[in-house]
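Student: Could you take me through the ligand site in this one, slowly, and then show me how it sits in the rest of the fold? I'd like the surroundings as well as the contacts.

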Amino acid sequence: MKGNIKEITKEIVKNEKILLVGHILPDGDDVSSLTSMKLGLEKLGKKVSAVIDDDIPEYLLQFPTIKASIESFKDVENNIYQNFDLMIILDSSSPDRVGRFEKYLNSFRVLLIDHHVTNTHFGNINWVDPTMGSTAQMVYRILKDFNIDYDNELANMNLLGIATDTGFFKYQNAGSTVFRDAADLIEKGANISYIANTILDNTPLEHILLYKDILNELKITSEGRIAYSLLTLGMLAKYNILPKDSPSFVENIRSIRNVEIAIVFQEYKENLYHVSLRSKKWADVSKIALKYGGGGHPRAAGFSIQTRNIEKSIKEIVEDISKYLRESIGDLTF
Ligand code: 5GP
Ligand code: MN
């Protein structure tokens, strides 16, 4: 069923015990959406748990409110039917993104709130709006509709996802409504420099050292339009970095002049790789990710692969993406 914000707020009014579910490999937008939705709905008197079936990266646990707010699968799986009467899924474009919560999708009434263009509308009510810069911005619209009284911490938690998903207000998805909603949150007490300092100016030294090794693996092809690199478990182990805490550096690689598509192949379990895709100006990487069973946005997307021969898989995928670039460049007028 197709939905909009009104249908979402109507359902929230009707239910008291709400389970908020985020996605595996969580990012800033996801944890921000969950945390701010939880704090906001609690101000309405709801009983709310916010859960993600995956570990939260260390850079996001730097925010004590995130650490205190988000629970794991095992925290809620007992008596899940008695404890909750509504499931709200945030920032997740397909059912596999919610991890082990996928098996409960048919037993709960499910509201889906998301901004991915690749969303498969797997909830009972789906408010999916790809014009929104982040899911956190959609959460802001919901809490605004309820006239929630923001305190500083709620404002910070809500602004965090709006900031991270727009690359701190510089990507193409940073339209005027992003700045208006962000300005509202700053008026309500959010502190953008606190958020930026905690995320951007707080890099563990090991991550910078790892970057050297990623640059050693860097390759550039397709007349300089594609740059890619590999990050293995062995490279992470050298610096004692856990896979869940690993930076991908895909955005650093995209910043190279003339590069249109950046790719990082990141091993997260033996023989399992997450492929992060970024484009700079025009290539639609969400289409590439969809083809490989993943999803995302035009400028940021991803998918996972299982392979025993990563060099061969990289060669095939990069060739495929080069072909896509050659074919689509013909349709473009700059
Ligand atoms: P990242 O490269 O940072 O992991 O992901 C970039 C974007 O693509 C995010 O919006 C993320 O939600 C989406 N994405 C990444 N991997 C997958 C995947 O395996 N499946 C889906 N549906 N989306 C993904
Ligand atoms: Mn998002």
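Tutor: Sure, let's start at the ligand and work outwards. Around ligand 1 there are 15 residues, and the ones that come nearest are S93, H116, H274, S276 and R278. Keep in mind that this is a predicted model, so read the distances below as computed from predicted coordinates.

Now the polar contacts, atom by atom. The side chain of S93 puts an N or O atom 2.9 Å from a nitrogen atom of ligand 1. H274 works on an oxygen atom of the ligand instead: a polar atom of the H274 side chain lies 2.9 Å from it. H297 also has a polar side-chain atom by an oxygen atom of ligand 1, here at 3.4 Å. As for how covered the ligand is, ligand 1 would expose 490 Å² if taken alone, and the protein buries 86% of that.

Which elements supply that cover? Strand 10 (272-279), strand 11 (295-296) and strand 12 (300-306) are the ones that give two or more residues to the shell around ligand 1. Strand 12 has the largest share, with four residues. By chemistry, the shell splits into 10 polar residues, three nonpolar and two charged.

The shell also reaches across the chain's domain division. The protein chain is divided into domain 1 (5-200) and domain 2 (207-329), and each of them gives at least three residues to the shell around ligand 1. The C-alpha centres of the two domains lie 27 Å apart. Where domain 1 and domain 2 touch, 13 residues of domain 1 are in contact with 14 residues of domain 2.

Let's follow the strands of the shell into their sheet. Strands 10, 11 and 12 belong to an open sheet of six strands, ordered 7-8-9-10-12-11, with mixed pairing. Strand 7 and strand 11 are the edge strands, each pairing on one side only. Elsewhere in this sheet, strand 8 pairs with strand 9 (residues 261-269) in the parallel sense, over six bridges. For a residue-level handle on strand 9, look at Q266, which is the bridge partner of L231.

There is another open sheet of six strands, and this one has parallel pairing throughout the order 3-2-1-4-5-6. Its edges are strand 3 (70-71) and strand 6 (125-128); each has a single partner strand, so one side of each is left without a neighbour in the sheet. Strand 6 runs parallel to strand 5 (residues 110-114), and four bridges join the two. One pair to click on is L112 with its bridge partner in strand 6, N126.

Last, two backbone spots to check if you go over the torsions. F169 has a positive phi, near 70°, and is a residue other than glycine. F169 sits in the loop between helix 8 (152-165) and helix 9 (176-187). E223 is not a glycine either, yet its phi is positive, at about 50°. You'll find E223 in the loop between strand 7 (219-221) and strand 8 (226-231), two strands of the mixed sheet we just went through.

Conventions. Residues numbered from 1 in each chain as written. Chains lettered and ligands numbered in written order. Predicted model: local features only at pLDDT ≥ 70, side-chain atom pairs only at ≥ 80, totals over all residues. Heavy atoms only, no water. Pairing = 2+ DSSP bridges. Near = heavy atom within 4 Å. Polar contact = N/O pair within 3.5 Å; in protein donor to acceptor, adjacent residues only side chain to side chain. Areas by Shrake-Rupley, 256 points an atom, 1.4 Å probe, with all protein chains shown as cover. Nonpolar A, V, L, I, M, F, W, Y, C, P; charged D, E, K, R; others polar. Domains from an automatic or database assignment. Contact = heavy atoms within 4.5 Å.
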